[in-house]
Amino acid sequence: MTQSGVDENHIIKFAFDSGSDLLKIGEDLMDLDVLSGERLVDPKKFLDYIMSQTNDNYKFYIILDEVQLLKSFEQVLNEFLRQYNFDVYITGSNSRFLSKDVITEFAGRGDEIHIMPLVFSDFFKLMIVTKKALLLNIKFTAVYQLEL
């Protein structure tokens with residue numbers, strides 16, 4: 001997003017299973033029973049935090065991970081739909097829970113993107129391309145430093 005010109009201050013990332021993110025809103029990961037699957041993060045604290053970060057009329061990109069750990073997350077996401085300058089992305093590993101609730105609650109108001117994990121052959125191809133790019137970068141850097 002930043003490569004396409006989005007101001008870094010307009011990208012808000014929040015993971016509901018991250019101790020450091022939870023501390024931003026006054027929650028403590030150790031006080032939450034994350035493993036039980038209950039939605040335990042206080043939505044008012046989270047909304048207050050988001051509103052404090054979105055203090056102008058420009059577009060904000062909000063990326064939420066493991067949003068099912070937020071109490072009443074459906075209502076919070078509905079609130080975000082009412083904000084004309086919010087573009088919200090939801091990620092998570094609990095796909096069965098998310099897809100059932102989100103598809104039902106937000107039918108026609110969002111897009112679902114299924115991402116399959118890499119198979120070994122894809123991973124291997126990616127590693128070869130990455131290695132070639134790294135070697136080219138090292139070669140270019142060495143030549144550049146010699147010319148200085």
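This is a short talk on one protein chain, its fold and a handful of its residues.

Good morning, everyone. One caution before we start: the model is predicted. Keep that in mind throughout.

Let's begin with the whole chain. How many helices and strands are there in the chain? Five helices and three strands. Walk along the sequence and the order is β-α-α-β-α-β-α-α. The chain has 148 residues, and 27% of them count as buried. Now consider contacts between residues at least 6 apart in sequence. Of these, 72% join residues at least 24 apart.

Next, a pair of helices. Find α2, residues 43-53, and then α3, residues 73-81. Their axes come within 10 Å. They cross at roughly 25°. Angles under 35 degrees count as roughly parallel, so α2 is roughly parallel to α3. The crossing of α2 past α3 is right-handed. Which residues make the contact? From α2, we have Pro43, Phe46, Leu47 and Ile50. From α3, we have Val76, Glu79 and Phe80. Sort them by class and you get six nonpolar residues, one charged and no polar.

Keep Phe46 and Phe80 in mind. They come back with our next residue, Leu64. Leu64 sits in strand β2, which covers residues 60-65. Is Leu64 buried or exposed? Its relative accessible area is 0%, so Leu64 is buried. Now look at what surrounds it. Leave out residues up to four places away in sequence. Leu64 then touches Phe14, Phe16, Phe46, Leu77, Phe80, Val88, Tyr89, Ile90 and Thr91. Phe46 belongs to the α2 side of that helix contact, and Phe80 to the α3 side. One more pair to find on the screen: Leu64 and Gly92. They are 28 residues apart in sequence. In space, their C-alpha atoms are 8.2 Å apart.

Let's move on to the loop between β2 and α3. Three of its residues deserve a stop. Glu66 lies in this loop. Its phi is near 60°, which is a positive value in a residue other than glycine. Glu66 is buried, because its relative accessible area is 8%. Ser72 is found in the loop too. Its phi is also positive, near 55°, and again the residue is not glycine. What about accessibility? Ser72 comes out at 36%, so it counts as partly exposed.

The third stop is Gln68, placed in the loop between β2 and α3. At 7% relative accessibility, Gln68 counts as buried. Which side chain does Gln68 meet in a polar contact of 2.6 Å? The side chain of Glu66. Gln68 can also be paired with Asp17, 51 residues away in sequence. From C-alpha to C-alpha, Gln68 and Asp17 are 9.9 Å apart.

Now turn to helix α1, residues 19-24. Asp21 lies in this helix. With a relative accessibility of 11%, Asp21 counts as buried, because the cut-off is under 20%. A polar atom of the Asp21 side chain lies 2.7 Å from the backbone nitrogen of Ala15. Set aside neighbours within four places in sequence, and Asp21 is in contact with Lys13, Phe14 and Ala15. Phe14 should sound familiar. Leu64 touches Phe14 as well.

Last residue: His10. Where is His10 found? It is in the segment before β1, and β1 spans 11-15. At 10% relative accessibility, His10 counts as buried. Its side chain joins the side chain of Asp56 in a polar contact of 3.0 Å. Leaving aside neighbours within four places in sequence, the contacts of His10 are Asp56, Tyr58, Lys59, Phe60 and Tyr61.

Let me recap before questions. Helices α2 and α3 cross at roughly 25°. Leu64 of strand β2 touches Phe46 and Phe80, among others. The loop between β2 and α3 includes Glu66, Gln68 and Ser72. The side chains of Gln68 and Glu66 share a polar contact, and so do those of His10 and Asp56. Thank you.

Terms used:
Residues are numbered from 1 along each chain as its sequence is written. This is a predicted model: local features need pLDDT of at least 70, side-chain atom pairs count only at pLDDT 80 or more; totals for chains, interfaces and linings use all residues. Side-chain values use heavy atoms; hydrogens and water are left out. Axes are lines fitted to C-alpha atoms, for helices over the stretch in contact, and angles run from 0 to 180 degrees between N-to-C directions. Helices (H or I, at least four residues) and strands (E, at least two) are DSSP runs, numbered from the N terminus. Angles under 35 degrees count as roughly parallel, over 145 as roughly antiparallel, 65 to 115 as roughly perpendicular and the rest as oblique. A crossing is left-handed if the near helix is turned anticlockwise from the far one by less than a right angle, and right-handed if clockwise. Contact means heavy atoms within 4.5 Å. Ala, Val, Leu, Ile, Met, Phe, Trp, Tyr, Cys and Pro count as nonpolar, Asp, Glu, Lys and Arg as charged, and the others, Gly among them, as polar. Buried means under 20% relative accessible area, exposed over 50%, partly exposed in between (1.4 Å probe, protein chains only). A polar contact is a pair of N or O atoms within 3.5 Å; within protein, one must be able to donate a hydrogen and the other to accept it, and residues adjacent in sequence count only if both atoms are side-chain atoms.
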